[in-house]
Amino acid sequence: MLQSLAGNSCVRLIQSNKSAWYFLFLVLGYILYLIFGAVVFSSVELPYEDLLRQQLRGIKRQFLQEHKCLSEERLERFLSRALEASNYGVSILNNASASWNWDFTSSLFFASTVLSTTGYGHTAPLSDGGKAFCIIYSVIGIPFTLLFLTAVVQRIMVYSTWQPIVYIHTRWGLSKPLVALVHATLLAVVAVSCFFLIPAAIFSALEENWNFLESFYFCFISLSTIGLGDYVPGEAFNQRFRELYKLGITVYLLLGLIAMLVVLETFCELQQLKQLRKMFYLKKEKPQDRLAIMEHDHLTFSSMPDGTANSPQEDKTEPFVDFPVLTSPGGDDPMIK
């Protein structure tokens, strides 16, 4: 008997807090997904890192053996200074000295990566004034960019998503959730083709050291605003029309970001995903529930005695009360006479 009561109470507790339990499972799933990614990246990349370290140690050892007059300490100072400059996008190599990081087109490309929060990291401000301006520029520019992208995406959604779905639904009488799902899938295919596959083929042809996988990797890392910075186009020594190329990449990144937001917003409008999100969200208080609470409070207040309904403060502010005149029907009450 006690076990059945305990079981029923546990079931009622779980059913009454479904959203909290779903949210707990969501948090645990996200933590497990992070751990899974860490395990995979570590197992895949750690051997390559170890191999690269061994190769660099061998090259350094061979260089010191060939140049006896150079001490290891001086070489370490030189390499540390060169690497520090490389972190700011400045290279001491002869084939990289011809290109500048802060001409107008490169600065425009940098500004677009800052405002879109992509941030490749291959170029960074060198001066304190540049760093301070970057902070102020980002504080104002990132919300401005979000407002701009939201307005653009909202207008594009009218013609790319809402009107086609309503037209097909009313014209052929198909189910609106089914039409929306098929439309979102086709839109995603078009977006992937126009902003991932075709640009990846173009980048693999224009960039000498990039294959198709590396070009596709750059497109995905850029348009998802991850921006690792390991691949940046237009940085080759013999890059022709570098200024025009950088300007074209800036336009591509802006248009691609808008396209990705349109696709994501289209998928977020799907009825299936809305039902999935409701599992993890807190339930909003319905107007009927709020009305029932107000009616319950009103009934509770009206059922109170008259003496308790009036507060002492009201007695203080209104000391004079108009009492009704006692009269009897017909005016023949013997007491009044």
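## Salt bridges in helix α3

Arg77 and Glu73 form a salt bridge through their side chains, with N and O 3.4 Å apart. The model in which this pair is found is a predicted one. Arg77 and Glu73 both belong to helix α3 and are four residues apart, which is about one turn of the helix.

How exposed are the two partners? Arg77 has a relative accessibility of 48%, so Arg77 counts as partly exposed. Glu73, at 57%, counts as exposed. The dividing value here is 50%, because a residue is called exposed when its relative accessible area is over 50%.

## A link between two helices

A salt bridge also joins Lys60 to Glu76, and the closest N and O atoms of this pair are 2.0 Å apart. The pair connects distant parts of the chain: Lys60 is in helix α2, which covers residues 18–66, and Glu76 is in helix α3, which covers residues 72–87. Along the sequence, Lys60 and Glu76 are 16 residues apart.

Both residues fall in the middle class of accessibility. Lys60 is partly exposed, at a relative accessible area of 22%, and Glu76 is partly exposed as well, at 37%. Lys60 and Glu76 also belong to a network of salt bridges, together with Glu72.

## Salt bridges elsewhere

How many salt bridges are counted? The count is six. One further pair is Glu269 with Lys274, whose side chains meet at 3.7 Å from N to O. This pair passes the test for a salt bridge because the limit is 4 Å. Glu269 is partly exposed at 31% relative accessibility, and Lys274 is partly exposed at 29%.

The general principle is simple. Side chains of opposite charge can pair when their charged atoms come close.

## Overall make-up

The secondary structure consists of 12 helices and zero strands. Read from the N terminus, each element in the order is therefore written as α, under the DSSP assignment of helices and strands. The protein has 337 residues, and buried residues make up 21% of them.

The UniProt record, an unreviewed entry, gives the feature "transmembrane region" at residues 21–44, 135–157, 178–203, 215–232 and 244–264. In the model, the span 21–44 is 100% helix and 0% strand, and its end C-alpha atoms lie 34 Å apart. The span 135–157 is likewise 100% helix and 0% strand, with 32 Å between its end C-alpha atoms.

## A buried threonine

Thr145 is located in helix α5. Is Thr145 buried or exposed? Its relative accessible area is 12%. Thr145 therefore counts as buried, the cut-off being under 20%.

The side chain of Thr145 has a partner in the backbone. It reaches the backbone oxygen of Gly141 at a distance of 2.7 Å.

## The second largest pocket

Empty space is found by rolling a probe the size of a water molecule over the atoms. The second largest pocket holds about 300 Å³ of space. Its lining is made up of 14 residues, and those nearest the centre of the pocket are Ala111, Ser112, Leu115, Thr250 and Leu254. Three elements give two or more residues to this lining: α4 (104–115), α5 (128–172) and α8 (242–268).

Which element gives the largest share of the lining? Helix α8 does, with five residues. By residue type, the lining of the second largest pocket divides into 10 nonpolar residues, four polar residues and no charged residues.

## Two threonines with positive phi

Most residues other than glycine have a negative phi. Thr117 departs from this pattern: although Thr117 is not a glycine, its phi is positive, at about 60 degrees. Thr117 sits in the loop between α4 and α5. Thr117 is partly exposed, with a relative accessible area of 42%.

Thr225 is not a glycine either, and Thr225 has a positive phi of about 60 degrees. Where is Thr225 placed? Thr225 lies in the loop between α7, residues 212–223, and α8. At 26% relative accessibility, Thr225 counts as partly exposed.

How values were computed
Residues numbered from 1 in each chain as written. Predicted model: local features only at pLDDT ≥ 70, side-chain atom pairs only at ≥ 80, totals over all residues. Heavy atoms only, no water. Buried < 20%, exposed > 50% of the residue type's maximum accessible area, 1.4 Å probe, protein only. 1 Å grid on protein atoms, 1.4 Å probe; cavity = no way out; pocket = protein on both sides within 12 Å on 5 of 7 lines; lining within 4 Å. Points joined across faces, edges and corners; volume = space filled by probe spheres on them. Nonpolar A, V, L, I, M, F, W, Y, C, P; charged D, E, K, R; others polar. UniProt positions renumbered as here; feature names shortened; annotations may be inferred. Polar contact = N/O pair within 3.5 Å; in protein donor to acceptor, adjacent residues only side chain to side chain.
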